[in-house]
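The following exercises are to be worked with the sequence and the model open side by side. Each task is followed by a solution that proceeds step by step.

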Amino acid sequence: MKRRNLLRALSAGFVPTPVPAQKADAITGAVKGSLPLTEFEPRSMLHVHETQIDRAKYPVIDFHAHISWGDNMAGKESVSFPSPASELLAVMDRRNIRMMVDLTGGYGKGLEKSIATLQKPHPDRFIVFTEPWWSKAPEPGYPQFQADQIARAHAAGARGIKVLKTLGLYLRENVTTGQLIKIDDKRFDPMWEAAAAYKMPIAIHTSDPEAFFLPIDRFNERYEELNAHPDWSFYGKDFPTNRELQEARRRVMQRHPRTQFVCLHVADSEDLTYTSGLLDALPNMSVEIGARIGELGRQPRASRKFFDKYQDRIMFGTDAVPRGDEFPQQVFGDKLYQIYYRFLETDDEYFDYAPSRIPPQGRWRIYGLGLPDQILRKVYNDNAARLLALA
Ligand SMILES: [Zn+2]
């Protein structure tokens with residue numbers, strides 16, 4: 001306040017008092033001024049219908065689970081099991097889950113252990129996939145070696161192959177250093193062909209949400225998620241763009257038309273027009289919805305059309321991981337399945353996509369698709385059963 005104005009204010013009996021910034025009210029906790037984002041937990045005041053679905057309308061095949069974890073790039077042939085099968089079976093029985101596909105079954109001796117632990121004792125409840133032997137990719141003779149490993153895995157009982165986003169984003173010419181190895185690198189061609197020969201579908205995860213390729217700043221819609229996991233960012237350095245990765249995968253699917261590819265996470269859940277284009281062009285492709293109901297559910301009208309059009313090529317999956325609370329949208333348990341069933345079966349509006357205090361992938365909520373019985377049956381069971389040649 002200028003001196004002249006101050007004098008005028010004083011003569012009028014008015015004395016300005018500065019308001020201290022960010023002083024919380026001792027009783028209510030209310031803060032005037034700004035509030036740190038981490039402390040913001042708005043509760044919706046909408047009076048909307050809430051449907052609790054304890055059991056899926058039809059028996060479910062969860063096509064995307066990580067019941068065992070392999071060593072990925074370490075070359076040790078090891079696997080670990082965070083939860084015993086008995087614990088998983090109890091949830092499966094309560095939630096009407098007929099079968100779970102353990103995608104990260106490992107390779108070599110690790111794969112044999114996964115099969116002996118899950119598939120052998122419970123052949124109608126668990127199916128195990130194998131993984132490529134990434135650590136050997138730089139070695140000469142790898143293309144034939146990897147094709148032979150697929151034959152060995154098939155003989156051991158593996159029913160498909162899982163390709164993590166390792167391919168395209170982590171695997172390098174010296175395994176962890178050097179140039180990134182491209183998804184459509186020719187050295188994997190014998191593996192894709194072996195998969196066709198043994199009728200083993202490929203479950204492939206390529207790239208990640210677009211925000212992971214952008215700076216972690218105030219414009220990033222996944223700021224909190226990336227802030228919590230900065231190692232998930234693929235911004236800068238020598239990383240390809242999201243679209244370059246997707247296009248490399250398209251070339252692989254084009255080049256191997258006899259091989260069945262299940263593109264995990266809806267291939268690109270943020271761009272259903274692009275994904276529809278892929279599905280229209282590639283009859284050997286289908287998709288799975290794990291960890292992406294947050295994306296599908298915030299564009300419910302486009303998603304509903306997508307499910308109508310591609311109802312024979314969409315599979316139920318959750319990306320479930322037993323134990324741990326780092327990724328609330330993926331923690332295996334009763335709550336996770338209730339949310340997925342609510343999303344697919346009901347018309348409920350504006351609900352949480354994950355059992356979490358704060359929406360973990362981004363601050364938005366989702367809307368149910370209310371799918372008709374005929375589509376539900378295909379997505380829950382029939383499409384996966386056909387691809388896995390189950391009775
Ligand atoms: Zn996964």
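**Exercise 1: The surroundings of Leu282**

Leaving aside neighbours within four places in sequence, Leu282 is in contact with Met253 and Gln254. The model is a predicted one.

Task: Determine where Leu282 is placed and whether Leu282 counts as buried, partly exposed or exposed.

Solution. Step 1: Locate the residue; Leu282 sits in the loop between helix 9 and strand 11. Step 2: Count the C-beta neighbours inside 10 Å, which number 15 for Leu282. Step 3: Apply the cut-offs, by which 20 or more means buried and 12 or fewer means exposed. Leu282 therefore counts as partly exposed. Step 4: Compare sequence and space for a chosen pair; Leu282 and Leu169 are 113 residues apart in sequence and 24 Å apart in space, C-alpha to C-alpha.

**Exercise 2: The two sides of helix 9**

Task: State which residues of helix 9 are buried, and explain why they line one face of the helix.

Solution. Step 1: List the buried residues of helix 9 (residues 272-281), namely Leu272, Thr275, Leu278 and Leu279. Step 2: View the helix down its axis; the buried residues fall within an arc of 115°, and so they line one face of helix 9. Step 3: Recall the general geometry: an α-helix has 3.6 residues a turn, so residues three or four places apart point the same way. Step 4: Examine the other side of helix 9, where Thr273, Asp280 and Ala281 are exposed. Step 5: Identify the cover over the buried residues of helix 9, which includes helix 8 (242-255), strand 11 (285-288) and helix 11 (300-309).

**Exercise 3: Ala151 and the packing of helix 4 on helix 6**

Task: Establish whether Ala151 counts as buried or exposed, and describe how the axes of helix 4 and helix 6 cross.

Solution. Step 1: Place the residue; Ala151 belongs to helix 4 (residues 142-156). Step 2: Count its neighbours; Ala151 has 12 C-beta neighbours inside 10 Å and therefore counts as exposed. Step 3: Find its contacts; not counting residues up to four places away in sequence, Ala151 touches Ala194 and Tyr198. Ala151 and Tyr198 are 47 residues apart in sequence, yet their C-alpha atoms are 7.5 Å apart in space. Step 4: Turn to the helix pair; the axes of helix 4 and helix 6 (residues 189-197) come within 7 Å and cross at roughly 20°. Angles under 35 degrees count as roughly parallel, and helix 4 and helix 6 are therefore roughly parallel to each other. Their crossing is right-handed. Step 5: Name the residues that meet; among them are Ile150 and Ala151 in helix 4, and Ala194 and Ala195 in helix 6.

**Exercise 4: Parallel and antiparallel pairing**

Task: Give the strand order of the open sheet of three strands, and state in which sense strand 7 and strand 8 pair.

Solution. Step 1: Read the order of the open sheet, which is 1-4-5 with parallel pairing. Step 2: Find the edges; strand 1 (60-65) and strand 5 (126-128) each pair on one side only. The twist averages 20° from one strand to the next. Step 3: Inspect one pair; strand 1 and strand 4 (residues 97-102) are joined over four bridges in the parallel sense. Ile61 stands opposite Met99 in strand 4. Step 4: Add the helix; helix 3 (residues 108-119) lies across strand 4 and strand 5, running at about 170° to strand 5. Step 5: Contrast the other pair; strand 7 (residues 172-174) and strand 8 (residues 177-180) pair in the antiparallel sense over two bridges. Asn174 stands opposite Thr177 in strand 8. Strand 7 and strand 8 form a hairpin with two residues between them, and Val175 in the turn has a positive phi of about 70°.

Technical notes
Residues numbered from 1 in each chain as written. Predicted model: local features only at pLDDT ≥ 70, side-chain atom pairs only at ≥ 80, totals over all residues. Arc of directions from axis to C-beta. Contact = placed C-beta atoms within 7 Å. Pairing = 2+ DSSP bridges. Axes fitted to C-alpha atoms, helices over the stretch in contact; angles between N-to-C directions. Parallel < 35°, antiparallel > 145°, perpendicular 65-115°, else oblique. Left-handed = near helix turned anticlockwise from the far one by under 90°.
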